[in-house]
Amino acid sequence: MRRIARNRLKAALAREDERFALEHPKSRALFERAKSSLLGGVPMNWMARWAGAFPIFVREGLGAYFTDVDGHRYLDLCLGDTGAMTGHAPPAAVEAAIAQLRRGVTFMLPTEDAVRVGEELKRRFGLPYWQVALTATDANRFSIRLARQITRRPKILVFHWCYHGSVDESFVSLKDGVAGPRHGNIGPPVDPAVTTRVVEFNDLPALEAALAHKDVACVLAEPAMTNIGIVLPEPGFHDALRELTRKTGTLLIIDETHTICAGPGGYTAAYGLKPDILTIGKPIAAGIPAAVYGVSEEVGAMIRARADEMDADTGGIGGTLAGNALSLAAMRATLEKVLTAQAYEKTIPLAKRFTEGVEQVIRDRELPWHVTRLGCRAEYWFCPVPPKNGSEAAAAVDPELDRYMHLAALNRGILMTPFHNMALIAPDTSEADIDRHTAVFADSVAALFD
């Protein structure tokens with residue numbers, strides 16, 4: 001196996017930095033201007049954390065491509081980190097949203113679209129009852145509250161290096177086997193070790209030991225980890241997870257926000273999972289803020305038994321704009337006409353093509369790297385074997401090499417998902433688009449060798 005030359009990497013990165021700055025003068029000017037009115041020069045803090053010295057500013061997007069203010073057109077393999085998984089401005093969702101905008105945006109009352117959305121979610125995911133939120137963070141937060149109320153238990157359990165939005169309880173990590181605030185956790189209200197147990201993904205003995213205390217209300221889990229990179233469950237993991245949660249009276253919440261890439265019913269439908277609660281946000285309204293959470297028959301009955309309509313507006317669940325007419329109109333159109341089985345029949349083979357192209361370059365260069373795929377999402381790693389948990393995934397991160405590969409792709413018209421070497425495939429992507437990425441990847445790697 002060959003290793004890259006770090007001196008060549010530094011030189012190549014410097015060249016890409018210089019090229020980026022020269023080719024994006026309007027984005028740079030907007031970023032400098034924005035610093036006088038936007039904290040950090042961006043409307044949301046991590047928008048500044050891209051490979052270049054400043055973020056590119058977007059002018060418009062359509063399908064699998066977007067164009068920046070300097071006129072550069074990009075193949076988008078980030079897709080708003082799943083928020084635009086449908087591609088940008090899908091006509092069916094756009095038309096539904098425009099029509100609803102003309103009829104009104106929010107009423108604090110249901111529309112017929114809400115019924116159609118609930119029926120479609122029930123069909124796809126198998127859970128009978130649904131509620132609507134604005135973000136997956138809210139859907140997860142509300143689900144945790146319901147789990148605590150139902151079980152009368154104080155703690156939750158998550159997996160090390162998980163990500164479930166900005167849920168306070170999930171910003172926890174292990175250091176030398178001890179749970180504590182995750183590095184970078186901003187102003188935690190309490191030490192998350194008070195609220196949360198944390199174990200490594202795929203570690204069934206640790207999971208069993210953590211649940212044996214019987215103080216855990218719920219396990220909150222992605223069916224495959226995606227935010228530290230794609231970490232797939234080992235054979236039998238989900239069967240054991242479901243058995244252990246049932247045995248200990250613990251509810252199981254499956255977060256499908258990223259793993260909807262596995263198919264139209266997410267990993268849950270593709271692999272026959274049986275969660276008590278399921279959450280999903282981001283792509284289900286084609287990028288318009290919307291999220292949902294569904295519950296089983298048993299959980300629904302327990303929620304109803306403990307419900308108090310007089311306190312419904314002060315229970316910590318909901319939001320004035322949650323379930324608004326615009327979100328529901330976009331969600332209905334997206335579920336019925338955009339995020340369909342036919343879309344996956346195109347995008348999953350394209351993700352396989354992406355994987356095969358990158359794997360061939362890795363073999364040709366004899367690199368100790370590999371590629372992991374989940375549905376229409378794929379990612380290359382700078383380690384020889386797939387990580388089996390969050391710690392192994394984090395140990396494989398190479399920030400300098402990551403930045404170079406991202407910036408080299410960006411300078412050649414391809415946007416990868418930030419913080420990962422991950423590609424998500426939109427329905428409008430073509431085989432030629434995928435092959436272009438393979439060629440750019442090969443050229444970027446070649447620059448690191450004599």
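Contact here means heavy atoms within 4.5 Å. The model is predicted: local features need pLDDT of at least 70, side-chain atom pairs count only at pLDDT 80 or more, and totals for chains, interfaces and linings use all residues. Residues are numbered from 1 along each chain as its sequence is written, and side-chain values use heavy atoms, with hydrogens and water left out.

Select helix α1 (residues 6–23) and helix α13 (residues 399–411) to begin; helices are DSSP runs of H or I of at least four residues, numbered from the N terminus. Their axes, lines fitted to C-alpha atoms over the stretch in contact, lie 9 Å apart at an angle of about 40 degrees, on a scale from 0 to 180 degrees between N-to-C directions. α1 is therefore oblique to α13, the class left over once angles under 35 degrees (roughly parallel), over 145 (roughly antiparallel) and 65 to 115 (roughly perpendicular) are set aside. Next, display the side chains: among those in contact are L9, L13 and F20 of α1 with L401, Y404 and L407 of α13.

Now move to helix α4 (residues 112–125) and helix α10 (residues 325–338), which pack at an angle of about 40 degrees with their axes 9 Å apart. α4 and α10 are therefore oblique to each other. The residues to show include V117 and L121 of α4, and L328 and L335 of α10.

Colour α1, α13, α4 and α10 separately to view both crossings: α1 passes α13 in a left-handed crossing, and the crossing of α4 and α10 is left-handed, meaning that the near helix is turned anticlockwise from the far one by less than a right angle.

Definitions and conventions
Helices (H or I, at least four residues) and strands (E, at least two) are DSSP runs, numbered from the N terminus.
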